[in-house]
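I set out to record what I looked up in this structure, entry by entry. The entries cover strands, a helix and aromatic contacts.

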Amino acid sequence: MKHPKFSRSFEVVSALPKQLEPLRKLAHNFRWTWHSETRDLIQSIDKDLWRTTGHNPIQLLAGMSEEKVEKLVKDPVFLAKLESCSKDLDNYLSAKTWFETNHKDMKDKMSIAYFCAEFGVSECLPIYSGGLGVLAGDHLKAASDLGLPLVAVGLLYNRGYFRQRLTPDGWQTEVYPQYDFYQFPIQLVRGPDQQPIRVGVEFPDRIVTCQIWLTHVGRIPLYLLDSNVLENAPHDQSITDTLYGGDEEMRIRQEMILGIGGLRALRAVGINPTVCHMNEGHAAFLSVERIRQTMTENQVDFRTARQAIVSGNVFTTHTPVPAGFDLFDKELLERYMGKMVQTIGIPFEEFLKFGRIDKDDDAEKFNMAVLAMETANHVNGVSKLHAAVTRAMFGARWPDHPENEVPIMAVTNGIHTTTWVSRRMEDLFDEYLGDAWRRAPQDPASWAKVDAIPDEELWAVREVQRGDFVRYARKHLQADMERRNMSRADFNLLGQVLDPRVLTIGFARRFATYKRATLMMRDVERLKALLFHSERPVQIVIAGKSHPRDGGGKGLIKEIMSFIADGAQGRMVFLEDYDMQLARAMVQGVDVWLNNPRRPMEASGTSGMKVVPNGGLNCSILDGWWDEGYTPEVGWAIGGREDLADEGQQDWLDSRALYALIENEISPKFYHRVDNGLPRLWINMIKASIKNLAPEFSTGRMVADYTNMSYVPAAKAYLNLTADSMAKAKHAFAWRQRIRKSWSQVRVLHVEDTADLQNRLGAEFTIKATVHIDGLEPGDVRVEAVFGQIGPNRDIVSGTLVPLQHVRADGGNHVYECKIKLCEAGYRGYTVRIVPYHDSVNVSSELNLIAWQPTV
């Protein structure tokens, strides 16, 4: 049926009595997602409506009957709780914060804009697909708790990411709902005339207009752009329809709106960020817009503007394989970005080089991650292992640098603890840890009293949570079966699905093939023996989505469903439509979280972190965060750190290691209950896991690291370079040009030392180097010795940098010296090098220049 078009439109909002008006304030701030008292209050209004609205407080308020409203107005207990929650939110928003305490000199000088293609703040705002979005949501919550001057920018997808539905034979299909965002905890941003504020983004033959929506995540404003406005043609209205939908052309349109439109949206609402954080390469076009704005407002050229903005940009990559980056053909890029590049005054061929690892390879596609790296001085991976993998992947951009000096650091991911912890564990922590774990989850001292929690109480909570999850899983499975029109016989089996007394393993993630969801099924008979063991049974709960165009991932889901149907129904289930609500239920209820990606292809992974404060344990490949988090006291490692070239052999070995762990270590420890029915050894591991992992793998620690290592240094550098009509940016660029012009003649001429062939431990020796710096000043360079252990290939491994001091000029050359103390025995050596130095230039990121001592 064709629906008529409207001639006038307006918004209708629910009216609330004055006594209940604070509900609107609470509902429009997503702090309720991590403040359990507020969430309990909203849920108590109507639990059934809360469930059917997908935990959407705005729809719940709009759906209240007059009788319900009258009842609440007359309920003194409810009104008292409402007043308490309202005051608590006000106190939270006005309280002194970590940022004010630790960076008070920057409090009113800097602002951070955090750009991401998806945000997982709550299941009721379905603009996320998985780990990247959920991490971004947790980042905002921790930034709010720490009091960072941060705003966030994303896209508002009218149809979100798909809802997963399985056919009776287990094949994934996709459903895309149409959302009405006037019924969500977001609001259109309007100007003084009450008209929506809009921004335009230039496309090849038209301007696409976007409106701006706003919501708050605690203290943090989140702005979302939406192209579904009447001024746009229908095919442009659909640009922000679906997350990660469409072809390459749709992707470049979305990324232009996110990066270019997002930065313009901030300007339209009066925000001029000091620091821009690109969370993945999707937002990298913001750098082009930021350069354009800087050129226009300061009347400077492209290179001077770039000199300034690279100092104020931060880039985080989450991708461990080259195929994971967004790549665009030259023709498509020129069609969409050609006009934009003209505005910054450089030839398009020069712009292409900013997106290539090999700048001279015309056949190389334009890589958005490379563009982000070329326009950001602060680049990081999301775990220590991932940073090392990324340095190797992009090492060709710094051909003269040792791999460990490629300027990509690690900021390991974390989770927002109070978002993911269960209410029962909250109460237990409050009783025995006080409120420190809430205020400073990143502080190990906050968790120091975990050992004081009585074993009996901790285990009782774990038992109840497992039971809660089994009941949740059965209800979820029933709804899945109803959608699939399963037979009555299948419904009769629901009561036999899962057992609240049995060791429960959870596995939930995106069904990409490298995550090896079916690794556990390499030997189906051995798996069944574990599942149906007469004394130590195991049950496994699986969830996750495959990308709509990933037939391989869909095949894995079908394979699992076939295995379940072939006699494993009671001990293994697949729960459809994995989202944040299901994720919370799983991480709060399972005993063990399983993760078995092909190493080292898991950049970080955060699902396993979420079981930690809930008393779950991890069993994982040593990849991502677990490579640095694992010790035998806190969980289990599947295999070692060997990465075989033969994937089939690696899968076989890892599956055998997994079976052995479950059979010989995990199950026996879980079921060993000779002391008052308590698994004391298991409980000891739970406590060690919480105490050692909860503070380290929290977004409190993660965002503090970003602040200390990237945001504040970037803000200071940007403010320094842009002050006084960008005088220092102009000087820094001129210095760079001078260094580049002279560098071909910079060299180490002669090196001598006082070391003998054999030296006493603790002795000291002197290195003296004569260098030629071709008319540069000694202050323009640093001369360094790389000193360390000599490896089997005559290279220096685990080298440390020792600066040499300028001693004197020697004609047209210069002499430098240093002393090194021999603190470790073994075969040691050194080499000398020259690198540029300027206090306003991040040399390692901006200048790929090193002059090494010639090898013998």
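The entries below follow the order in which I consulted the model, which is a predicted one.

**Entry 1: strand E23**

I began with strand E23, residues 781–790, and asked how many of its residues are buried. I found eight of its 10 residues buried, so I noted the strand as mostly covered, with buried taken as under 20% relative accessible area.

I then looked up the partners of E23. Strand E26 (residues 828–836) is joined to E23 by nine bridges, and the two run antiparallel. For one position in this pairing, I noted that Val-783 lies opposite Ile-834 of E26.

Strand E24 (residues 796–810) is also antiparallel to E23, with seven bridges between them. Here I recorded Leu-801 in E24 as the bridge partner of Val-786. I next examined the connection between E23 and E24, which is a hairpin with five residues between the strands. Within that turn, Arg-794 has a positive phi of about 65°.

**Entry 2: helix H11**

Which span should the 13 residues of helix H11 (residues 286–298) have at 1.5 Å a residue? The expected span counts one less than the number of residues, so I arrived at 18 Å. The C-alpha atoms at the ends of H11 are 18 Å apart, which agrees with the expectation.

I also checked burial along H11. The buried residues include Leu-286, Val-288, Ile-291 and Met-295. Polar or charged names also appear in the buried list, among them Ser-287, Glu-289, Arg-290, Gln-293 and Thr-294. Just after the helix comes Gln-299, and I noted its positive phi, near 50°.

**Entry 3: aromatic pairs**

I looked up the aromatic pairs and found 30 in the structure. I selected the pair of Trp-636 and Trp-682, whose centres are 5.5 Å apart and whose planes make an angle of 40°, a tilted arrangement. Where in the chain do Trp-636 and Trp-682 lie? Trp-636 belongs to strand E20 (residues 635–638) and Trp-682 to helix H28 (residues 680–693), so far as the chain is concerned 46 residues apart. The pair thus links distant parts of the chain. I checked the burial of Trp-636 and Trp-682 and found both buried.

I also recorded one aromatic cluster, formed by Tyr-179, Phe-181, Tyr-182, Phe-184 and Trp-213.

**Entry 4: charges over rings**

Finally, I looked up two charged ends placed over rings. That of Lys-545 sits over the ring of Phe-162, 5.0 Å from the ring centre. That of Arg-673 sits over the ring of Phe-670, with 4.7 Å to the ring centre.

Methods:
Residues numbered from 1 in each chain as written. Predicted model: local features only at pLDDT ≥ 70, side-chain atom pairs only at ≥ 80, totals over all residues. Heavy atoms only, no water. Buried < 20%, exposed > 50% of the residue type's maximum accessible area, 1.4 Å probe, protein only. Helix = DSSP H or I, 4+ residues; strand = E, 2+ residues; numbered from the N terminus. Pairing = 2+ DSSP bridges. Phe/Tyr/Trp six-rings, centres within 6.5 Å; stacked < 30°, edge-to-face > 60°. Lys NZ or Arg CZ within 6 Å of the ring centre and 35° of its normal.
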